[in-house]
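Here are a few notes to read alongside the model, for someone opening it for the first time. They go point by point, so keep the viewer open.

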Amino acid sequence: MKECPSLEALAMWVDEGEAAGVSASHIAECSACGEFVAELKADQALLRSSTELPEFAHAAVRGRVLGKVGRTRRYGWVAAAIAAAVLIAMFVPRTIPVAPVVLVPQAPKFAAVEPVSSAPSMPTRVEQARVRKRPAVSKDTSGAELIAALDALYEERLFAAPGAPGQTVITMETADPNVTILLLGETTGDDE
Amino acid sequence: MILPARTGNAAAFEQIVRTHERQVLRVAVRLTGNLHDGQDVAQEVFLKLHREFGRFQDSSLIGSWLYRVTVNACFDLRRKAKRAPVENAGFGWETWRSGERSREQELAHQQELALAMEELSERERAAITLRELEGLSTAQVAEILGTAESTVRVQIAAARVKLRKCLERLRGKKR
């Protein structure tokens, strides 16, 4: 009798037959090899006949998977909603009304100024300021005309109290109730 | 066939889970050695499927993809855990005994087989599981494991011999 093949060769014979290099006649004639192959085939049958897992095992996995997938989908909508809100906040013009600014004139506190004998007489300048004609301002006023009007108004206010230091605030209302233009001027009182 | 679940149809995804859940859990339990770990792997595999659903043009590709992902997830789990689940091997089937004598005997054999499978290397276990439990061809097993067919043949033959010796030892103890 031929020498017996290795156990691995016999194991291959189970799958591949004589292609594994083991002759069928040897398996038939050699009781040891024949018995081993029979046991391998029994093991193979056992492997193939594995008991099916119970339904609850599958249902548990299915429930966990579908539950997680559902939660992911819900969180996805929340994230999308937040992103949309941020975009809207960034790109939509701000039209939130702003409370109008109330100007409270504040007279600065200065020490009493001693009269200066060499100072020029102010009424001359006041007269000069008052004779300046202030242009009328309307919605059709051009930019240059508006600046000229502002300049006149500024000087008028500034020289209303000649020689006295102080602040001048000119408040301009615009067509937009949320927009107010403020012009601030200040004199120290020691000019000329 | 274009997959309807690609359009976000939750019912279609559930249908795919139901179609493949037995395949995935069966392999996962066999490779991890116990029901609990197998369920964790199956869950991970299906969540990955959900994330990568757009990759699949038709449903026929999902089966082999699931085998590959399941096998790799089982390898990862066992490497991370670095534990020998021999004590727990038994698939949790003991909780499901019907009381029939034939069923009891069958479950006893399955317990022995589960213990014997622990003696195999992870590659041998995967190869013989896919070949015998799932009935795949050697070529399909080689593709899933990313190895040559000749390697798979050697792995399966080695696994058969190891299983035989281990089962002999286990049954010898009982006698």
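1. A quick definition before the first stop: a helix axis here is a line fitted to C-alpha atoms over the stretch in contact, and angles between axes are taken between N-to-C directions, from 0 to 180 degrees. Bear in mind too that this is a predicted model.

2. Start where the two chains meet through a pair of helices. Helix α3 of chain A, residues 31-48, and helix α5 of chain B, residues 122-133, have axes that come within 8 Å and cross at roughly 80°. Angles of 65 to 115 degrees count as roughly perpendicular, so that is the label for α3(A) and α5(B).

3. Which residues make that meeting between α3(A) and α5(B)? From α3(A) come A:Q44, A:L47 and A:R48, while α5(B) brings B:I128, B:E132 and B:L133. Sorted by class, the contact of α3(A) with α5(B) has three nonpolar residues, two charged ones and one polar one.

4. Now a word on confidence in chain A. Its mean pLDDT is 72, with 47% of its residues at 70 or more. Within chain A, α3(A) has the highest confidence, at 90, and helix α5 of chain A (residues 122-131) the lowest, at a mean of 50. Over residues 126-131 of chain A, pLDDT stays under 50, and the model has three contacts there beyond four places in sequence.

5. Next, look at B:L25, which sits in helix α1 of chain B, residues 10-32. Is B:L25 buried or exposed? Its relative accessibility is 1%, and buried means under 20%, so B:L25 counts as buried. Its contacts, leaving aside neighbours within four places in sequence, include A:L53, A:A57, A:H58 and A:V61 from chain A, as well as B:G38, B:Q39 and B:A42 from chain B. B:V41 is 16 residues from B:L25 in sequence, and their C-alpha atoms are 7.9 Å apart.

6. B:Q23 is also placed in helix α1 of chain B. With 12% relative accessibility, B:Q23 counts as buried. Its side chain makes a polar contact of 3.2 Å with the side chain of B:H20. Beyond four places in sequence, B:Q23 is in contact with B:G63, B:L66, B:Y67 and B:E134.

7. Last stop: the loop between α4 (101-117) and α5 of chain B, where you'll find B:E118. B:E118 is buried, at a relative accessible area of 12%. What does the side chain of B:E118 join up with? The side chain of B:R78, through a polar contact of 2.7 Å.

Note on methods
Residues are numbered from 1 along each chain as its sequence is written. Chains are lettered from A and ligands numbered from 1 in the order in which they are written. Side-chain values use heavy atoms; hydrogens and water are left out. Helices (H or I, at least four residues) and strands (E, at least two) are DSSP runs, numbered from the N terminus. Angles under 35 degrees count as roughly parallel, over 145 as roughly antiparallel, 65 to 115 as roughly perpendicular and the rest as oblique. Contact means heavy atoms within 4.5 Å. Ala, Val, Leu, Ile, Met, Phe, Trp, Tyr, Cys and Pro count as nonpolar, Asp, Glu, Lys and Arg as charged, and the others, Gly among them, as polar. Buried means under 20% relative accessible area, exposed over 50%, partly exposed in between (1.4 Å probe, protein chains only). A polar contact is a pair of N or O atoms within 3.5 Å; within protein, one must be able to donate a hydrogen and the other to accept it, and residues adjacent in sequence count only if both atoms are side-chain atoms. pLDDT is the predictor's confidence in each residue, from 0 to 100.
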